[in-house]
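Hi,

Here is the structure I promised to pass on. Have a look at it first, and then read my notes underneath.

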Amino acid sequence: MACPEKSDLIEAYADGELDLGSSLEIERHLADCKDCAAVLEGHRALRSALGTASLYHDAPAQLSSRVRAAVRKQEKVFAASPFFGWRWLAVAAPVISLVILGWSLVTVSRMPSSEDLLNQEIVSAHVRSLMAAHLTDFPSSDQHTVKPAFNGRIDFSPEVKDLASEGFALIGGRLDYLDRRPVAALIYQRRKHLINLFIYPAEDGAGERAVETSLRGYNLIRWTRAGMRYAAVSDLNLVELRSFQQALQE
Amino acid sequence: MDPAELKRFERTFLPHMSAAYNLARWLTRSDQDAQDVVQEAYLRAVRFFGGFRGGNSKAWLLSIVRNAGYTWLQRSQAHGTTVSFDEQLHDVEDRSQGPEMELLQRATRQDLLAALEALPVEFRETLVLRELEGLSYKEIAEVGGLPIGTVMSRLARARRILGQVLSERGTKED
Ligand SMILES: [Zn+2]
């Protein structure tokens with residue numbers, strides 16, 4: 001039987017992730033609790049087995065030079081432009097460093113990982129859907145046809161709204177892949193503009209304010225609602241895309 | 001990017017080549033694909049370098065490797081079975097079942113390699129970052145863009161699944 005009291009903290013303790021006070025508390029607890037002591041012993045055995053088995057994959061010797069060459073080759077394309085060459089930069093450096101200083105005061109170092117790359121992924125998925133007749137897997141203006149079409153293809157059931165009266169005509173649904181998982185894509189149309197609405201379950205259920213981005217000429221709004229993530233992307237102007245988002249929320 | 005900037009990029013990120021390769025290798029489970037992923041990640045990193053203002057360069061690079069790795073997995077379609085892996089469904093109720101000591105002592109490097117490779121990718125990467133790269137929970141959270149609570153629960157589940165896989169292998173051989 002697991003100890004209900006502390007078992008969550010044993011791993012964090014074994015990983016050296018607890019503050020001193022909590023560590024001491026766990027150590028006192030371990031002295032009396034056989035269950036927790038056994039759990040700790042198990043973790044230590046696993047860690048030492050993993051640590052001594054030399055499972056680490058060292059980079060092959062030639063990889064470093066290969067990567068260096070690829071990076072320099074890509075960079076040459078930019079460096080060749082006279083405006084971005086270093087000569088120009090040397091003259092403008094004092095001005096630029098002032099600008100950068102001002103900029104860095106208001107920005108923080110950010111990981112390009114989740115946010116930026118997800119936005120890029122969403123725009124790419126949108127562009128892809130427009131290019132090669134991949135817009136819809138199941139074309140239909142009827143929400144009652146589109147919704148069941150997702151059944152069995154994804155492990156959740158997206159809400160499909162008819163927004164024709166608000167000026168956004170539903171034209172179909174599609175399966176797509178975003179954020180490392182299959183997602184539902186609903187396609188709406190306003191005049192000549194297509195909107196992809198991506199829907200998938202929120203992993204952590206955390207509340208999130210709507211995020212608006214503009215990328216490669218497309219407007220993008222992402223939000224979370226009732227445990228689902230939404231992303232609307234289109235070349236439609238931001239004001240109308242906002243009213244689309246509003247209409248969905250009502 | 002001017003030559004000095006390029007030098008700074010190389011000085012900052014080339015030393016993390018092995019960490020990048022190790023993560024990519026564990027994500028893709030293939031040497032050639034891992035090399036491609038690492039190259040792609042460095043090319044992305046140089047494009048994003050303007051947004052890097054110091055800080056944890058290893059976590060910064062690994063977050064890009066991870067994204068490049070997932071893109072590769074998605075393209076290769078090999079991801080199909082693991083992406084739908086539901087953490088809730090696989091939450092083992094009985095928390096006392098750690099790996100059995102005796103099994104662990106008997107486990108060969110081959111057993112451990114196979115067991116770790118068999119883990120769903122989300123758990124594999126978390127465990128690799130923790131046990132092979134020695135990253136802290138906070139750093140793993142940065143790399144994966146995850147809350148620390150998720151890192152903790154993934155680690156706990158990863159260890160439990162690994163223990164189960166090892167004991168299944170162990171009983172098969174007996
Ligand atoms: Zn206990």
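Below is what I found, going from the sheet in chain A to a cavity, a buried arginine and then chain B.

Before anything else, bear in mind that this is a predicted model.

**The sheet in chain A**

Chain A has an open sheet of seven strands, in the order E1-E2-E3-E4-E7-E6-E5, and the pairing is antiparallel. At the edges sit strand E1 (138-139) and strand E5 (211-215), each of which pairs on one side only.

If you walk in from the E1 side, E1(A) is joined to E2(A) by two bridges, with the strands running antiparallel. Phe138(A) has Gly173(A) as its bridge partner in E2(A). Strand E2 of chain A covers residues 169-178, and seven of its 10 residues are buried, so the rest of the structure largely encloses this strand.

Next along, E2(A) pairs with E3(A) over nine bridges, again in the antiparallel sense. One of the facing pairs there is Asp176(A) opposite Val183(A) in E3(A). The two strands form a hairpin with two residues between them, and Asp179(A) takes a positive phi near 50 degrees in that hairpin.

Strand E3 of chain A (residues 181-190) then goes on to pair with E4(A), antiparallel over seven bridges. Across that pairing, Ala184(A) stands opposite Ile199(A) in E4(A). Keep Ile199(A) in mind, since this residue is also one of those lining the second largest cavity.

**The second largest cavity**

The count of cavities of 30 Å³ or more comes to three. I looked into the second largest, which has a volume of about 70 Å³. Which elements of chain A each supply at least two residues of its lining? They are strand E4 (193-201), strand E6 (218-225) and helix H8 (238-249).

The lining residues include Leu186(A), Leu197(A), Trp223(A), Tyr230(A) and Leu248(A), along with Glu159(A), Lys161(A), Arg225(A) and Gln249(A). By class, the lining comes out as six nonpolar, one polar and three charged residues.

**Arg222(A)**

Strand E6 of chain A also holds Arg222(A). Is this arginine buried or exposed? With a relative accessible area of 6%, Arg222(A) falls under the 20% cut-off and therefore counts as buried. Its side chain makes a polar contact with the side chain of Asn119(A), at 2.9 Å. Arg222(A) also lies 6.4 Å from Ala232(A), C-alpha to C-alpha, with the two being 10 residues apart in sequence.

**Chain B**

Chain B is another story: its secondary structure comes to 10 helices and zero strands. Of the 174 residues in this chain, 56% are buried.

The helix I checked is H4 of chain B, residues 57-76. At 1.5 Å a residue, its 20 residues should span 28 Å, and the end C-alpha atoms are indeed 28 Å apart, so the expected and modelled spans agree. How many of the 20 residues of H4(B) are buried? The number is 15, so H4(B) is largely enclosed by the rest of the structure. At its N-terminal end, H4(B) is capped by Asn56(B), where a side-chain oxygen lies 3.2 Å from the backbone nitrogen of Lys58(B).

That's the lot from me for now.

Cheers

Key:
Residues are numbered from 1 along each chain as its sequence is written. Chains are lettered from A and ligands numbered from 1 in the order in which they are written. This is a predicted model: local features need pLDDT of at least 70, side-chain atom pairs count only at pLDDT 80 or more; totals for chains, interfaces and linings use all residues. Side-chain values use heavy atoms; hydrogens and water are left out. On a 1 Å grid over the protein atoms alone, a cavity is a set of points where a 1.4 Å probe fits but cannot get out, and a pocket is an open set with protein on both sides within 12 Å along at least five of seven lines; lining residues have an atom within 4 Å of a point. Grid points are joined across faces, edges and corners, and a volume is the space filled by probe spheres set on the points. Helices (H or I, at least four residues) and strands (E, at least two) are DSSP runs, numbered from the N terminus. Ala, Val, Leu, Ile, Met, Phe, Trp, Tyr, Cys and Pro count as nonpolar, Asp, Glu, Lys and Arg as charged, and the others, Gly among them, as polar. The expected span of a helix is 1.5 Å times one less than its number of residues. Buried means under 20% relative accessible area, exposed over 50%, partly exposed in between (1.4 Å probe, protein chains only). A polar contact is a pair of N or O atoms within 3.5 Å; within protein, one must be able to donate a hydrogen and the other to accept it, and residues adjacent in sequence count only if both atoms are side-chain atoms. Two strands pair if DSSP finds at least two bridges between them.
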